[in-house]
Amino acid sequence: MESAGEERVSLTDASRRLILLELLVPTVLLAFGIYHGFVQTLYRAGIIRAESFLGIDYYQGLTLHGVINAIVFTTMFAVAFGNALVARFLGREPPVGAAWVSFALMTVGTLLAAFAMFTGRASILYTFYPPLVAHPTFYIGAALLVVGSWVAFFNWIPLYRSWRRENPGRKTPLAIVGIFATFVVWMMATLPLAYEVIVMLIPWSLGMVREINVLLARTLFWFFGHPLVYFWLLPAYVMYYVMLPRIAGGKLYSDFAGRLVFMLFIVFSAPVGVHHQFGDPGISVSWKWLQTLLTYGVALPSLITAFTLAASLEYAARQNGGTGLLRWWTRLPYWDRERWLFGYFFAGLFLFLFGGVTGLINASYSVNNLVHNTAWVPGHFHTTIAGPVFLAFIAMTLHLVSELTGKPVRLKSWNVAVPYLWLLGVALLSIGMSISGIDGEPRRTNLGLGYTNPGSELFVPQWASMARVVAAGGGIMLFAMVVYFAVLVSTLLSKRQREPGLGFPVAEAYHDEPAGFVANFRPWIVIGVLICAIAYAPVLYDVSRATFFGSPSYTPD
Ligand code: HAS
């Protein structure tokens, strides 16, 4: 494992500014994304009964919420975090020219997509299923965002190679294993997406072809869409494995477990997208069954993580004087204002316990029939992406802003409350959605138009009461974010108190085993690609045989 401690490296001003911009541009956009999430809960609770609020309608707001929070913020953050990890753990700054090209592509892409969404020309949600069609700038923007993230990854590879040449026999730093695994998963995910967007959607939205194969587009989307969720999750896992045990006051229980987990994600992240299409026609039951099995496979690295992190936390708690079978849980730094990262990480992990259980329920081919397309599904994913992923990303944004500007985090007692407020908000939101999802409440529907209105003939009382619980959760989440933004802005506006630099808390390993068969990415990538081919070739064959006609475009207005 890499040397433990809080060692800081200094960066050139150009790199520092670039990483700060990569963090702050999506964070500013996040304000819109979060606001539109809150407004969704008001619509669905019937608190806003209109078709449109402040000029933005339900589907436009839902598209802004999903695209900004889940695609733009996450991608730009992963690139910024990767640039910072490479600089700190390989001791090499990513070449600034290519890094700026990557940032420029992502920013121009984001602006193009934002133009389409804010002007109401792309109200097609973050899954952009045809035949719903958006203005071409939406698809071109998405393509540029992805290409920009590829440029960043290709910029790091020569740095890793040169580090390897200079450090023969040394284990690759775990943080680098984690961030490279993240981007290997991203490459596997974005290739089918590139085909869908460049070959199918852009020519179709430009009117160059009249019809589109809807089922093929959905299948390619989910070939991308499931590994996408691990592209979100893995940077959070880097923080949990490399930093959390030290912040808790202990050690990482097993360094080997961390390496194995990242390699298993390379193998299992991609060949499971059909579990989002259990209800789709045209794909044979056998291949749906195979992808169900593989979905249980992709839960394995998270189960290993749950036990490894619990053991690491127990070690830390006992170092802090904890005793007993369970009493040691009380000796962790939940409210420590200096070790504030702990609260963000812990609250995320707590939510992920529920995200994991509900994910395993979704994965069952038969049970999925009960929950698919109901509010249960956003109930599940708010305990994953809005839980561990979101909390880890906003925490690391604040940490990096503080490091790169040399300004210690301000409003510490407010800051320490943010993750617990957020946890409470997400818990209410997800419980409300899960319960009414089981009662059949549809997702992605403006319930406020009648279902939650006692005066309407569409009224469904059990959805109405839960929609109010969801709105209460959304309100608490919004409040948590207002506090977070107050902390971030007040930190940015404060006086510099030390030299800007870059450092992370880095844990030592309790069991620092040799890397052995998880030392090298290559065999894992080969196995991952092979399993993808086995799981997807027959699916794509089935889809091509089942689809005879294309669909013209449809614009919802
Ligand atoms: Fe999922 C739908 C299955 C994980 C995100 N998922 C979605 C959608 C999103 C999403 C966005 O099989 C909706 C897409 C759409 O718009 O239609 N998901 C799974 C499974 C997992 C899983 C099996 N999902 C995630 C993660 C996401 C995410 C991670 C984002 C980051 N998901 C599905 C399925 C669907 C689905 C179906 C389709 C549903 C449908 O019908 O449409 C697994 O990876 C989960 C494994 C996780 C665990 C939990 C480990 C627990 C840990 C915490 C330890 C805690 C500690 C602290 C140590 C096994 C690591 C302890 C504290 C104490 C106090 C005790």
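In this predicted model, an oxygen atom of the ligand lies 2.7 Å from an N or O atom in the side chain of Arg443. The backbone contributes as well: a polar backbone atom of Ala363 is 3.2 Å from a ligand oxygen atom. A nitrogen atom of the ligand is 3.0 Å from an N or O atom in the side chain of His380.

His380 also reaches the metal. Its NE2 atom is the only protein donor of the iron atom of the ligand, at 2.2 Å. That distance falls within the 2.8 Å limit, so NE2 counts as a donor. The residue is found in helix α12.

The ligand is surrounded by 34 residues. Tyr126, Tyr230, His372, His380 and Arg443 are the closest. By class, the shell holds 22 nonpolar, eleven polar and one charged residues. Five helices are named as suppliers of at least two shell residues each: α6 (214–242), α9 (285–319), α10 (341–363), α12 (376–382) and α13 (385–405). Helix α10 gives the most, with ten residues.

Aromatic contacts were examined next. The count comes to 54 aromatic pairs. One of these joins Tyr237 and Tyr240. Their ring centres are 6.0 Å apart, and the planes meet at 45 degrees. This angle is neither under 30 nor over 60 degrees, so the pair is classed as tilted. Both residues belong to helix α6, where they are three residues apart and therefore separated by about one helical turn. Tyr237 has 1% relative accessibility and so counts as buried. Tyr240, at 0%, is likewise buried.

Tyr240 has a further aromatic partner, Phe345. Here the centres lie 5.8 Å apart, with 80 degrees between the planes. The angle is over 60 degrees, so this pair is edge-to-face. The contact links distant parts of the chain. Tyr240 sits in helix α6 and Phe345 in helix α10, 105 residues apart. Phe345 counts as buried because its relative accessibility is 0%. Helices α6 and α10, joined by this pair, are both among the helices that supply the ligand shell.

Two arginine side chains lie over aromatic rings. The charged end of Arg88 sits over the ring of Phe89, 4.5 Å from its centre. Arg218 lies over the face of Tyr129, at 4.3 Å from the ring centre.

How values were computed. Residues are numbered from 1 along each chain as its sequence is written. This is a predicted model: local features need pLDDT of at least 70, side-chain atom pairs count only at pLDDT 80 or more; totals for chains, interfaces and linings use all residues. Side-chain values use heavy atoms; hydrogens and water are left out. A residue is near a molecule or strand if one of its heavy atoms lies within 4 Å of it. A polar contact is a pair of N or O atoms within 3.5 Å; within protein, one must be able to donate a hydrogen and the other to accept it, and residues adjacent in sequence count only if both atoms are side-chain atoms. Helices (H or I, at least four residues) and strands (E, at least two) are DSSP runs, numbered from the N terminus. Ala, Val, Leu, Ile, Met, Phe, Trp, Tyr, Cys and Pro count as nonpolar, Asp, Glu, Lys and Arg as charged, and the others, Gly among them, as polar. Donors are N, O and S atoms within 2.8 Å of the metal (3.2 Å for Na, K and Ca); water is not among the atoms, so sites may look incomplete. Rings of Phe, Tyr and Trp (its six-membered ring) pair if their centres lie within 6.5 Å; planes under 30 degrees apart count as stacked, over 60 as edge-to-face and the rest as tilted. Buried means under 20% relative accessible area, exposed over 50%, partly exposed in between (1.4 Å probe, protein chains only). A charge sits over a ring if NZ of Lys or CZ of Arg is within 6 Å of the ring centre and within 35 degrees of the ring normal.
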